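Please find below some comments on the model under review. They concern its helical packing, its cores and its confidence values.

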Amino acid sequence: MFGNNREEIRGFILSCWNKREHSPLTLSALEQHVIRALQLHPEYQPLLDSGEDALQRDFAAAADAGNPFFHIGLHITLYEQLDCDRPAGIREIYRKILQSSADHHQAEHRLISCLQQSLWEARARNAMPDEQRYLECLRKSAGQ
């Protein structure tokens, strides 16, 4: 996405949230992705409305699904992958999942579960994510 410094990433997300009303026309593509993900998750918005307190809050390491910054980061990563169709074919897989999902948020979460699995496997191996295994998981989610 844009780094691995916790405070920088959280600061960027908070900055995007704060800019959404004041300067929506000047948002970069990445900032628009952040806002899009945050709009899908109104349950995270009060945390961001708390301002600087959000930057320091700790979330249980094993409960990444409960960490709003991690979760929003997964959405943003997915949007960036879809934008550039990387890994190759992810855009078409997403289209197929959309056809069988109630809405695009549900479809995103189906893909995000594969992304999260891929990241955990890579972390466990202390290696880069395996793109082929990731695509295989995505295809299974699409029923291919």
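1. In this predicted model, the buried residues of H1 pack against H2, H3, H4 and H5. The buried set consists of Ile9, Arg10, Ile13, Leu14, Cys16 and Trp17. Because these residues cover an arc of only 150 degrees around the axis, they lie on the same side of H1. The face turned away from that buried side carries Glu8 and His22, which are exposed.

2. The geometry of H1 agrees with expectation: at 1.5 Å a residue, its 17 residues should span 24 Å, and the end C-alpha atoms are 25 Å apart. At the N-terminal end, Asn5 acts as a cap of H1, with a side-chain oxygen 3.0 Å from the backbone nitrogen of Glu7.

3. The largest nonpolar core has 22 residues, and those that touch the most other members are Ile13, Val34, Leu38, Leu48, Phe69 and Ile72. At least two residues of this core come from each of H1 (6-22), H2 (29-40), H3 (45-49), H4 (53-56) and H5 (68-84). H2 provides the largest share, six residues.

4. Neighbours within four places in sequence aside, Leu38 is in contact with Ile13, Trp17, Gln45, Leu48 and Ile72. A second, separate core comprises 17 residues, among them Ile90, Tyr134, Cys137 and Ala142.

5. As to confidence, the mean pLDDT of the protein is 89, and 93% of its residues reach 70 or more. Among the elements, helix H8 (residues 131-141) has the highest mean pLDDT, 96, and H4 the lowest, 78. Where pLDDT is low, the predicted coordinates should not be read in detail.

Key. Residues numbered from 1 in each chain as written. Predicted model: local features only at pLDDT ≥ 70, side-chain atom pairs only at ≥ 80, totals over all residues. Heavy atoms only, no water. Core = buried A, V, L, I, M, F, W, Y, C linked by side-chain atoms within 4.5 Å. Buried < 20%, exposed > 50% of the residue type's maximum accessible area, 1.4 Å probe, protein only. Helix = DSSP H or I, 4+ residues; strand = E, 2+ residues; numbered from the N terminus. Contact = heavy atoms within 4.5 Å. pLDDT = per-residue confidence, 0-100. Expected span 1.5 Å × (residues − 1). Arc of directions from axis to C-beta. Polar contact = N/O pair within 3.5 Å; in protein donor to acceptor, adjacent residues only side chain to side chain.
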